[in-house]
Amino acid sequence: MNIHIAPRTIWLTRHGESTANMAGVVGTDMPLTARGAQYAKQLASFINDQPQGPGSIWTSTLQRTIQTAAPMNRATNALKVLDEIDAGICDGMTYEQIAEQMPAEFAQRKADKLRYRYPRGESYVDVIARLDPFILELERQREPVLIVAHNAIIRVLHGYLSGTSREDVPHTPIPLHTVIGMVPKAYGCDETRTVLVK
Ligand code: F6P
């Protein structure tokens, strides 16, 4: 995966910790925890301290990303294309529950995380296709942008920007409470990671 875009920073971040992260469940639309809200405040200071702040801020339509962007007090766009991978019938379950109640599904995902599609949900391949038009939009932007989204979504966007192979994309570590700055160069990007809440 590779794209060619103007050299300005693209900041990528997951939302702050949500109550779903605390419970270890996939999917859902749960609010931030107190720690997650602390990250939202730190992120606002980090972004407001940048000499050239973002021209656009994009979130998903899920409340945890909207709450994460709120303390910046800037105009934001909530886009459905940035919503987390759809876990279908597994939405709201922990990985342990999936392994216990649907062992075949769990084993298939483990064997091929890139292509495995949750029943009535999505695969990483589906998410890559879903984000394709968004990447074109990102290419058109000339100013810095900030994207506040989710684990699978940031993995795929990071994969496009860094030129990571599709097979590796579902395994890229994208920790919470970390801003990833990507500055496009001839091939791939210069990448910096800043942890704002430990
Ligand atoms: O656990 C948080 C989360 O964003 C889930 O909502 C989502 O299903 C998951 O991460 C994606 O990560 P993985 O593909 O590794 O399960």
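**Ligand contacts and a helix pair**

Mentor: In this predicted model, an oxygen atom of the ligand is 2.7 Å from an N or O atom in the side chain of Lys-113.

Trainee: What makes that a polar contact?

Mentor: A polar contact is a pair of N or O atoms within 3.5 Å. The pair at Lys-113 is 2.7 Å apart, so it counts as a polar contact.

Trainee: Which distances apply to Tyr-95 and Asn-151?

Mentor: For Tyr-95, a side-chain N or O atom is 2.5 Å from an oxygen atom of the ligand. For Asn-151, a polar side-chain atom lies 3.3 Å from a ligand oxygen atom. Both values are within 3.5 Å, so these are polar contacts too.

Trainee: Which other residues are around the ligand?

Mentor: Among them are Arg-14, Asn-21, Glu-84, Tyr-124 and Arg-155.

Trainee: How do helix H6 and helix H7 pack?

Mentor: H6 (residues 124-140) and H7 (residues 151-162) pack at an angle of about 60°, with their axes 10 Å apart.

Trainee: Why is H6 called oblique to H7?

Mentor: Angles of 65 to 115 degrees count as roughly perpendicular and those under 35 as roughly parallel. The angle of about 60° falls in neither range and is not over 145, so H6 is oblique to H7.

Trainee: Which residues make the contact?

Mentor: Tyr-124, Val-127 and Phe-134 of H6 are among them, as are Ala-152, Arg-155 and Tyr-160 of H7. The contact residues divide into 11 nonpolar, no polar and 3 charged.

Methods. Residues are numbered from 1 along each chain as its sequence is written. This is a predicted model: local features need pLDDT of at least 70, side-chain atom pairs count only at pLDDT 80 or more; totals for chains, interfaces and linings use all residues. Side-chain values use heavy atoms; hydrogens and water are left out. Axes are lines fitted to C-alpha atoms, for helices over the stretch in contact, and angles run from 0 to 180 degrees between N-to-C directions. Helices (H or I, at least four residues) and strands (E, at least two) are DSSP runs, numbered from the N terminus. Contact means heavy atoms within 4.5 Å. Ala, Val, Leu, Ile, Met, Phe, Trp, Tyr, Cys and Pro count as nonpolar, Asp, Glu, Lys and Arg as charged, and the others, Gly among them, as polar. A residue is near a molecule or strand if one of its heavy atoms lies within 4 Å of it. A polar contact is a pair of N or O atoms within 3.5 Å; within protein, one must be able to donate a hydrogen and the other to accept it, and residues adjacent in sequence count only if both atoms are side-chain atoms.
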